[in-house]
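Reader: Got a minute to go through the empty spaces in this one with me? I'd like to talk about what lines them.

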There are 2 protein chains.
Amino acid sequence: MELNSLFLNSWLVKNWKIALAALLVIALANFVRYITKLQRYTKIFEFSKHRKTLLDGEEYVGADFNSKGNKRAPDDTTPNNSYVPALKVDKHVPFNGATVTLPGGPKQFYELANNRRSVRSYSAKRIPPLELIEECIRAASTAPSGAHTEPWTFCVISDPNIKQHIREIIETEEEMNYAQRMHRQWTADLTPLRTNHIKPYLTDAPYLILVFKQIYGYLPNGERKQHYYNEISVAIATGILLCALQAAGLNSLVTTPLNCGLALRKLLARPENEKLLLLLPVGYAADDCVVPDLKRKALKEIMHLY
Amino acid sequence: MELNSLFLNSWLVKNWKIALAALLVIALANFVRYITKLQRYTKIFEFSKHRKTLLDGEEYVGADFNSKGNKRAPDDTTPNNSYVPALKVDKHVPFNGATVTLPGGPKQFYELANNRRSVRSYSAKRIPPLELIEECIRAASTAPSGAHTEPWTFCVISDPNIKQHIREIIETEEEMNYAQRMHRQWTADLTPLRTNHIKPYLTDAPYLILVFKQIYGYLPNGERKQHYYNEISVAIATGILLCALQAAGLNSLVTTPLNCGLALRKLLARPENEKLLLLLPVGYAADDCVVPDLKRKALKEIMHLY
């Protein structure tokens, strides 16, 4: 058969030793490449697998700076009493319940809270005394926190130059956020609130409060201290801060300056364990201030009784 | 040479066609396996890569259910006006600033907030009327939220059987948390607060409030709606809730039941878009209630002026 004769006379058959050797080399090379890549991807896979097997809720716990992570190491045989609690508590004391309340109870409190609106336009002339701000932050700092770590830092800015600098940092990033980084549905969802990358309130408001979460702290011996659930704790403190500002007759706005945290942290020379969570302009609403005519959800939409 | 003759007479040389074919088949099989694995790992790698290049702050935004993610897709040429805002706002209205305040201002508010303590021991006999709880949740729901999405669900449990069931779920998980999952430093850090996996307050407290974050919502047309910064928003609402409970003379405790979210969500038949963030027992402190003799940080430790 012609085909058979073609095959028997082919280069491959005549030089089968070379061909076999070449094939072996290629197979070996592929095998080495495969193993190498596999190792690389396996590492990432292990990482992802770890993320996937995080306990439900564990993602909120805190900074995972400890080599042993937040979880107990399987080989950790240190006796329990060799771990010293970060918190010093001398004793427990009797507690008689809530003794300071509001005369009008929760109804009065609801009316207070319900009167709060997010304000994007501030009077630059009416400047509240700093003592008001201090008292509000003092109230915020009564928030509960994971293992009483109090993982919050409130930076209060009144210096016009620093406010200007903050505004420049945020407007530069926000211009990119609105133009490129945020999904169009997001920018569309913000149009009813009339927000864009121009933020006059950052220089008009007499105070800016930058709320940092401390993702870890330090023990007296200089070792790092785990700050459990620090983000949730700091957001809860901010909720209390908003109520205090309202009680003081002050207006504010909770903002989340996307991608500005590092620049703002450096501008204020805050340490590495602090991460910006929120920024609130604080002051009195401008005379021509308007707010969107929003409705809030009815109780039956948000509360379910069992 | 003996070695050469051995080689020429070997099975391999005699059956070189079969050997060659076998080698080709092995090489092909390996190649297919390699490509398949690579594809799988590449997907995970792309995911990890994406996570690493998140913008600072972007991790808080919301559920990434959209195929285009939170970021604008580079090939998205849809005109901006084809995205409809989820929020309907008919008009903007003049705002005259905070008109409902506290007579004692922020000082009075600080005293209210500072009187709040985390309570782990409740009277099972003194039962506050449900109206008080409702008013407090109404106050919490005035919290600001990303693009006014109001991403919270408050489940109020008063049924003793459901409370018992919740207690069983949490105690089972917490026993494992304390014994195996939590780092020993963590359990050590909790000893001053005298907490362990036994939680009588879950059945003693007349009410349990389970605070769910809605990681996404639904538009009228059934499509998913992005809930920006839902976790921060819900934690802020919880901060307001704590103040309202205090104003009502009620005690509570903010807890984070680790790894119980799914079981509790299913027990309460909550939908998939809701994820448990916090659980608060609510009621009046027991007569023999004690609290750790904690100090709170001084203002100068937490506030910095610029």
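Reader: What's the lining of the largest cavity like by class, how many nonpolar, polar and charged residues?

Author: This is a predicted model, and in it that lining comes to 6 nonpolar, 4 polar and 1 charged residues.

Reader: Which residues line the largest cavity?

Author: Both chains contribute: A:Asp56, A:Gly57, A:Tyr60 and A:Tyr229 on one side of the list, and B:Thr256, B:Pro257, B:Leu258, B:Asn259, B:Gly261, B:Leu276 and B:Leu277 on the other.

Reader: And how much space lies in there?

Author: About 80 Å³.

Reader: How many cavities of 30 Å³ or more does a search of the whole structure find?

Author: The search gives 3. The second largest holds about 60 Å³ of space.

Reader: What lines that second largest one?

Author: From chain B you get B:Asp56, B:Gly57, B:Tyr60 and B:Tyr229. Chain A supplies A:Thr256, A:Pro257, A:Leu258, A:Asn259, A:Gly261, A:Leu276 and A:Leu277. By class, the lining divides into 6 nonpolar, 4 polar and 1 charged.

Reader: OK, the chains themselves then. What turn and shift lay chain B on chain A?

Author: A turn of 180° with a shift of 0.5 Å along the axis does it, at an RMSD of 1.9 Å. That's the relation of a two-fold axis. The same surface serves both copies, too, with 99% of the contact residues of chain B recurring in chain A.

Reader: Switching to pockets. What volume does the second largest pocket have?

Author: About 1,000 Å³. It has 49 lining residues, and those nearest its centre are B:Arg120, B:Leu193, B:Thr195, B:Leu253 and B:Val254.

Reader: Which elements give two or more residues to that lining?

Author: Chain A gives helix H9 (230-247). Chain B gives helix H6 (160-181), helix H7 (184-190), helix H8 (201-204) and strand S8 (290-292).

Reader: And the split by class for that pocket?

Author: There are 28 nonpolar, 12 polar and 9 charged residues in its lining.

Reader: What does UniProt list for residues 16-35 of chain A?

Author: The unreviewed entry has "transmembrane region" there. In the model that span is 100% helix and 0% strand, and its end C-alpha atoms lie 28 Å apart.

Reader: Where does the "domain: Nitroreductase" annotation sit on chain A?

Author: UniProt, again in an unreviewed entry, puts it at residues 115-284. Over that stretch chain A is 41% helix and 19% strand, with the end C-alpha atoms 14 Å apart.

Reader: Last thing, what are the confidence scores? What does chain A average in pLDDT?

Author: Chain A averages 89, and 87% of the residues score at least 70. For the model, ipTM is 0.83 and pTM is 0.83.

Notes:
Residues are numbered from 1 along each chain as its sequence is written. Chains are lettered from A and ligands numbered from 1 in the order in which they are written. This is a predicted model: local features need pLDDT of at least 70, side-chain atom pairs count only at pLDDT 80 or more; totals for chains, interfaces and linings use all residues. Side-chain values use heavy atoms; hydrogens and water are left out. On a 1 Å grid over the protein atoms alone, a cavity is a set of points where a 1.4 Å probe fits but cannot get out, and a pocket is an open set with protein on both sides within 12 Å along at least five of seven lines; lining residues have an atom within 4 Å of a point. Grid points are joined across faces, edges and corners, and a volume is the space filled by probe spheres set on the points. Ala, Val, Leu, Ile, Met, Phe, Trp, Tyr, Cys and Pro count as nonpolar, Asp, Glu, Lys and Arg as charged, and the others, Gly among them, as polar. UniProt positions are given in the numbering used here, feature names are shortened, and annotations may be inferred rather than shown by experiment. Helices (H or I, at least four residues) and strands (E, at least two) are DSSP runs, numbered from the N terminus. Copies are superposed by least squares on the C-alpha atoms of residues with pLDDT of at least 70 in both. Contact means heavy atoms within 4.5 Å. pLDDT is the predictor's confidence in each residue, from 0 to 100.
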